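Reader: I'm new to looking at structures, and I'd like to zoom in on one part instead of taking in everything at once. Could you walk me through the sheet, strand by strand, and then show me how the rest fits around that?

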Amino acid sequence: MLSRAGADVIHGSLNDIHTSGHGGQEEQKLMLRLIKPKYFMPIHGEYRMQKMHSKLATDCGVPEENCFIMDNGEVLALGDNEVSVAGKIPSGNIYIDGSGVGDIGNIVLRDRRILSEEGLVVVVVSINMKEFKIAAGPDLISRGFVYMRESGDLINDAQSLINKHLNKVMERKTTQWSEIKNEINDTLAPFLYEKTKRRPMILPIIMEV
């Protein structure tokens, strides 16, 4: 708009210039001398900036013991005749995910990191729990780990290894889904790391027939 109005606009992409909307030291000193605060707490900027701002306040007559540089979550209690630090309240980053606010925990974030960096391997197997035999599978599905069509040998070796260990589990006649899933994870994870030096998330899916 300024250029359309005929003004010559000088900006950072054309010249090495910079300006700030924040007050300078002399302006801050002027405000401190006009207000003459009894207590002072800088609230903006990094710690080093707040420390410098606090020093300006002491230079302008605020007692050093009346200057407070606070961390996030610290409470400054204001009384009739005194001000003091009064403990802390919970504070920190709040993750916003879609319509959810603050409901994403460390476990979910860890899983997302693994999925983004290492990929996912789904193991599908059908088991006849009456006869304790593998009815179908195990079948492996890769997402973000390896390209299935170019990794036939790896997939076949993994399937054979899982089949061998699951047959041993079936010989124990276990009916615990968790034991079967743990066996798949404990068998497949070190095998894939040995072959690829990667640790994909492994998701066993057990179907009873």
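Author: Let's start with one pair of residues: Val123 sits opposite Leu140, which belongs to strand 6. Keep in mind that this is a predicted model. That pair is part of a longer match-up, since strand 5 (residues 120-128) and strand 6 (residues 133-143) are joined by 8 bridges and run antiparallel. Now follow the chain around the turn. The hairpin made by strand 5 and strand 6 has 4 residues between the strands, and there Phe132 has a positive phi near 55 degrees.

Next, look at the other neighbour of strand 5. Strand 7 pairs with strand 5 too, again over 8 bridges, but in the parallel sense. If you want a residue to click on, try Val122, whose bridge partner in strand 7 is Leu203. Here's some background that helps with both pairings: strands of a sheet pair through backbone hydrogen bonds, either parallel or antiparallel.

Put the pieces together and you get an open sheet of 3 strands, in the order 6-5-7, with mixed pairing. Strand 6 and strand 7 (201-208) are at the edges with a single partner strand each, so one side of each has no neighbour in the sheet. On average, neighbouring strands here are turned by 15 degrees against each other, if you ignore direction. Something also packs on this sheet: helix 4 (residues 152-171), which touches strand 5 and strand 6. The direction of helix 4 makes about 145 degrees with that of strand 6.

So where does the sheet belong in the whole protein? The protein is divided into domain 1 (23-88) and domain 2 (118-208), and the C-alpha centres of the two domains lie 62 Å apart. UniProt, in an unreviewed entry, lists residues 108-209 as "domain: Ribonuclease J C-terminal". That span is 49% helix and 27% strand, and its end C-alpha atoms are 32 Å apart.

For a change of scene, hop over to a pair of helices. Helix 1 (residues 25-35) packs against helix 2 (residues 47-59) at an angle of about 45 degrees, and their axes are 9 Å apart. The two helices are therefore oblique to each other, and helix 1 passes helix 2 in a right-handed crossing. To see where they touch, show Gln25, Gln28, Lys29 and Leu32 from helix 1, which meet Met52, His53, Leu56 and Ala57 from helix 2.

How values were computed
Residues numbered from 1 in each chain as written. Predicted model: local features only at pLDDT ≥ 70, side-chain atom pairs only at ≥ 80, totals over all residues. Heavy atoms only, no water. Pairing = 2+ DSSP bridges. Domains from an automatic or database assignment. UniProt positions renumbered as here; feature names shortened; annotations may be inferred. Axes fitted to C-alpha atoms, helices over the stretch in contact; angles between N-to-C directions. Parallel < 35°, antiparallel > 145°, perpendicular 65-115°, else oblique. Left-handed = near helix turned anticlockwise from the far one by under 90°. Contact = heavy atoms within 4.5 Å.
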